[in-house]
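Subject: Structure handed over, with notes

Dear colleague,

I am passing on the structure below, and I would be grateful if you could read the notes under it with the model open beside you.

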Amino acid sequence: MANPPIRLLDLMRQTEDPLVINLAAGIPSADFLPLDALRTALEGELASRAREMFSYHRPEGASLLREAIRDYLGVRGVGVQPEQILVTTGCSGALATMMNTVLKRGDTVVCEGPAYYGQLELLRAIGVKFRTVNTAVGQEPDPGKWEKALKAKPKPKLLVVTSTLSNPSGATLKEEWRPRMVEMCRKMGIPILEDDIYGDLLGRARPKPLRAYDDGSTVLYVTSFSKTVAPGLRIGFALPGKWMDAAADRQCRQTIHGGVPPEFITASFLRSGRMEGHLEMLRSVYAKRRELAGGILSRELPEGVRADDPSGGYMLWVRGGRPGLMEDVSKQCLAKGVAVVGGGIFFANPPKEACFRLNCARATPEDLARGVGIFCEVLKSAVVRKK
Ligand SMILES: Cc1ncc(COP(=O)(O)O)c(C=O)c1O
């Protein structure tokens with residue numbers, strides 16, 4: 001009997017096991033949270049705005065936060081007004097709202113292969129048909145590749161892409177391709193759902209989001225502060241463009257709005273001017289973690305299997321060997337106390353080679369080194385066995 005599909009729910013629950021070195025879930029480390037700044041923000045907001053903080057407010061999100069997000073986006077080359085911003089429950093809330101606003105059962109969607117598992121789960125629940133465009137670090141699809149997928153019949157209703165440091169591949173769309181992609185989709189009348197959740201982890205040289213090249217007609221931008229400030233805040237947002245009213249209406253029917261205290265805390269944190277310094281710190285610790293894990297992988301991976309270097313973020317994508325290795329290796333690693341996720345779940349259509357995503361952020365450096373070592377050992381013997 002076939003195994004039941006792994007759910008995001010199962011992956012999130014697995015993260016609670018303290019006995020496992022968890023290289024599987026895509027969550028950041030709690031060791032690098034800006035706790036002092038968040039505490040100051042909370043205390044300041046409690047002292048000055050407690051009554052508003054514990055009341056209902058505007059369904060699209062607190063004005064203070066939407067203004068702070070406008071400034072945050074301005075620095076990143078995206079010029080919008082607060083009224084164009086819809087605050088959501090994490091990036092997941094933004095993805096769900098936008099996908100459900102734009103799509104219906106039977107529509108065709110163009111997405112990355114591999115793509116973030118949560119995006120695929122949401123799209124499957126809507127009942128869309130997938131058309132995938134392969135991507136990898138150094139093999140990112142150029143506008144011509146996207147165009148081919150967009151021009152095929154039936155005409156797709158949406159293109160979904162994590163534009164910078166895509167999860168799990170680590171791929172980043174080149175800056176020079178971005179305006180062309182936006183223009184191409186605008187002409188074809190196909191909206192782009194741009195997930196930019198990892199953009200800030202790439203560094204100062206990060207390309208401008210696709211949304212920076214759009215007038216609001218084509219790119220639906222979504223992101224959150226989960227990978228940078230604190231996932232527990234659950235603060236994300238969308239720029240729904242011409243779908244603003246429909247998206248706000250959908251979200252209002254579902255939740256009215258999210259928790260107000262996290263909105264106030266996030267607004268205060270963004271206004272404090274501590275964001276950019278905090279991001280510098282994260283980029284530097286994650287670079288060290290990637291280097292540590294990447295060094296072990298480059299020495300220990302069996303022949304024919306390689307690890308991509310995404311030059312940002314905290315995940316490594318390992319690929320090569322027969323697809324059958326994925327289940328075998330994940331199971332054996334877990335038996336040895338290391339959780340790794342077989343990359344098959346990140347594909348709408350089964351991948352042609354084995355792949356694994358390793359999270360380098362959460363484990364301590366010692367556990368990371370041990371976990372990656374065990375992973376390489378298990379993979380090596382599985383490759384030999386299958387020969
Ligand atoms: C590409 C991508 N989008 C969205 C999310 C979910 O973000 P949030 O925790 O803000 O809902 C993740 C989390 O791993 C992700 O990798």
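P168 lies in the loop between strand 5 (158-162) and helix 7 (178-188), and the peptide bond that leads into it from N167 is cis, with omega near 10 degrees. Please keep in mind throughout that this is a predicted model. The loop between strand 5 and helix 7 also holds L165, whose phi is near 50 degrees, a positive value in a residue other than glycine. L165 counts as buried because it has 26 C-beta neighbours inside 10 Å, the cut-off for a buried residue being 20 or more.

A cis peptide bond is also found from G113 to P114, with omega near 5 degrees, and P114 sits in the loop between strand 3 (108-113) and helix 5 (117-126). Both G113 and P114 are touched by F347, when residues up to four places away in sequence are not counted. F347 itself belongs to the loop between strand 12 (341-342) and strand 13 (355-359), and it is buried, with 21 other C-beta atoms within 10 Å. F347 and A115 are 232 residues apart in sequence, yet their C-alpha atoms are 6.3 Å apart in space.

G113 has a further contact that you may want to look at, since N134, leaving aside its neighbours within four places in sequence, is in contact with G113 and P141. N134 lies in strand 4 (residues 129-134) and counts as partly exposed, because its C-beta neighbours inside 10 Å number 16. From N134 to D249 the separation is 115 residues in sequence and 35 Å in space, C-alpha to C-alpha.

Another positive phi in a residue other than glycine is that of R234, near 60 degrees. R234 is placed in the loop between strand 7 (219-224) and strand 8, and with 20 C-beta neighbours inside 10 Å it counts as buried.

Strand 8 (235-239) appears again in the surroundings of helix 3, whose buried residues pack against that strand as well as against strand 2 (86-89) and helix 9 (260-271). The buried residues in helix 3 are L64, L65, R66, A68, I69 and L73. Helix 3 (residues 63-75) has 13 residues and reaches 19 Å from its first C-alpha to its last, which is close to the 18 Å expected at 1.5 Å a residue. After helix 3 comes G77, with a positive phi near 85 degrees.

On the ligand, which residues of the 14 around it come nearest? They are G90, C91, S92, S224 and S226. Helix 4 (residues 90-102) gives the largest share of the shell around the ligand, namely three residues, and by class this shell has four nonpolar, nine polar and one charged residues.

Turning to the overall arrangement, the chain is divided into domain 1 (8-33 + 277-386) and domain 2 (35-273), and the C-alpha centres of these two domains lie 26 Å apart. Where they meet, 23 residues of domain 1 are in contact with 27 residues of domain 2. On the domain 1 side, the elements that give two or more residues are helix 10 (275-300) and strand 10 (315-319), and the largest share, four residues, comes from helix 10. By class, the side of domain 1 that touches domain 2 has 14 nonpolar, five polar and four charged residues.

The largest nonpolar core has 109 residues, and those with the most contacts inside it are L220, A238, V318, V340 and L358. Helix 12 (residues 365-386) supplies the largest share of this core, seven residues, while each of domain 1 and domain 2 gives at least three residues to it. For V340, the residues touched are L23, A24, S330, C333, F356, L358 and F375, again not counting residues up to four places away in sequence.

With kind regards

Technical notes: Residues numbered from 1 in each chain as written. Predicted model: local features only at pLDDT ≥ 70, side-chain atom pairs only at ≥ 80, totals over all residues. Domains from an automatic or database assignment. Contact = placed C-beta atoms within 7 Å. Nonpolar A, V, L, I, M, F, W, Y, C, P; charged D, E, K, R; others polar. Expected span 1.5 Å × (residues − 1). Buried ≥ 20, exposed ≤ 12 C-beta atoms within 10 Å, placed from the backbone. Near = placed C-beta within 6 Å. Core = buried A, V, L, I, M, F, W, Y, C linked by C-beta atoms within 7 Å.
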